[in-house]
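Some words used for protein structures sound simple but rest on exact cut-offs. The questions and answers that follow set values against those cut-offs, one term at a time.

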Amino acid sequence: MTTYEEALWLEVLLDLPRRPVGIHFLMTKEDYDAFPAEAPQNRMSYCTMVRKASQGIAQKAHLGHMACIGGATALGLVEPTEEMKDGTRRFKQGAYLDLVVCRKMSKNMVYCSHKAYGLGIVPLGSCGLKPDVVILICNPFHAMRIAQGYAYRNGHVSDICFSGMQAVCQECTSRPFETDAVNISMMCSGTRMLAGWKKDELGIGMPYHLLEQVLEGLKATVNPLERNKEKEQIISRMEQRGLLGQLHIIMNKNYDDDCYIGGPAGKPGKNE
């Protein structure tokens, strides 16, 4: 599938409140100059750029556009300082008990090991280029379905790591990119202030190549895992987007049919 088709199927299957976002690492000035997006006029945080992309606004940015040094560091636009690496910067912020915890936090932060010139932050499919990372802003129900889609081929979404710190830049971007794995973020206080996410929104980041597997799993698990109401909505969205007939949906059928027992309570040791 093209990135446009992938974005279309995500819309049909999940009805996300925001558009999926593709992140492109632009390693050289030539890559940056050639990337088909406009640069912002003023500095802004990376997570704000992701929010804008989720609303349909494509942008590209280099270090001079970054308002948040934490984001620039996580994404490989600038080297981390010694204070960032040894935990003393976190200790001064007062968010952790002591220097030991701060050092543990710093060591577990997975930042991009490369030195990039800039980034493209765009709605998935808008420029036709395959991104390096895909970020999905969603609610817990969508996150459940994404996990089920991934699990269809791979089993558990393992090695999830989040702390409510550097949510969009590290938890949703640099960690998935460097570890080649799906990660989930409950967002952080900074991005909720700067980007204005809703309280019920969270983030999921994954390397782009895993998106195809997630979509395969989402399609394959509609019948066993979605209820009739959601199935009807998916059929409606397929019809609206000219995809009717491309996914066979069976009503009144789920994985847990005949699993639940009603009626009066039974005897101890006997479930009838």
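The turns below ask why certain words apply to parts of this structure.

Q: What kind of model is this, and how are its residues numbered?
A: This is a predicted model, in which local features need pLDDT of at least 70 and side-chain atom pairs count only at pLDDT 80 or more, while totals for chains, interfaces and linings use all residues. Residues are numbered from 1 along each chain as its sequence is written, and side-chain values use heavy atoms, with hydrogens and water left out.

Q: What makes a stretch count as a helix or a strand, and how many of each does the protein have?
A: Helices are DSSP runs of H or I with at least four residues, strands are DSSP runs of E with at least two, and both are numbered from the N terminus. The protein has 13 helices and six strands.

Q: How do you know that strands E2 and E3 pair?
A: Two strands pair if DSSP finds at least two bridges between them. Four bridges join E2 to strand E3, residues 118-123, and the two run antiparallel, so the definition of pairing is met. Within this pair, Gln-59 stands opposite Ile-121 in E3.

Q: In which order do the strands lie in the sheet, and which are its edge strands?
A: Six strands form an open sheet in the order E2-E3-E1-E4-E6-E5, with antiparallel pairing. The edge strands are E2 (59-62) and E5 (183-185), since each of them pairs on one side only. Neighbouring strands of this sheet are turned by 20° against each other on average, direction ignored; the axes behind such angles are lines fitted to C-alpha atoms, for helices over the stretch in contact, and angles run from 0 to 180 degrees between N-to-C directions.

Q: What makes helix H3 a neighbour that packs on the sheet?
A: Contact means heavy atoms within 4.5 Å. Helix H3 (residues 46-54) touches strand E1 (21-26), E2, E3 and strand E4 (133-138), and its direction makes about 30° with that of E3.

Q: How many bridges hold the other pairs, and which residues stand opposite each other?
A: E1 and E3 pair in the antiparallel sense over six bridges, with His-24 opposite Gly-120 in E3. E1 and E4 pair, also antiparallel, over three bridges, and here Ile-23 stands opposite Val-133 in E4. E4 and E6 are joined in the antiparallel sense by six bridges, where Val-134 stands opposite Met-206 in E6. Three bridges join E5 to E6, which run antiparallel, and the bridge partner of Ile-184 in E6 is Ile-204.

Q: Why is strand E6 described as largely enclosed?
A: Buried means under 20% relative accessible area, exposed means over 50%, and partly exposed lies in between (1.4 Å probe, protein chains only). Six of the six residues of E6 (residues 202-207) are buried, so this strand is largely enclosed by the rest of the structure. In a regular strand the side chains alternate between the two faces of the sheet. Leu-202, Ile-204 and Met-206 point one way from E6, Gly-203, Gly-205 and Pro-207 point the other way, and all are buried.

Q: How do you know that both faces of strand E1 are covered?
A: Val-21, Ile-23 and Phe-25 on one side, and Gly-22, His-24 and Leu-26 on the other, are all buried.

Q: Why is Gln-166 called buried, Cys-68 partly exposed and Asn-252 exposed?
A: Gln-166 has a relative accessibility of 12%, and therefore counts as buried. Cys-68 is called partly exposed because its relative accessible area is 31%. Asn-252, at 64% relative accessibility, counts as exposed. As for their places, Gln-166 lies in the loop between helix H8 (140-154) and helix H9 (167-179), Cys-68 in the loop between E2 and helix H4 (69-74), and Asn-252 in the segment after helix H13 (228-240).

Q: What is noted about the phi angles of Gln-166 and Asn-252?
A: Gln-166 has a positive phi of about 50° although it is not a glycine. Asn-252, likewise not a glycine, has a positive phi of about 55°.

Q: How many residues does the protein have, and what percentage of them count as buried?
A: The protein has 272 residues, and 46% of them count as buried.
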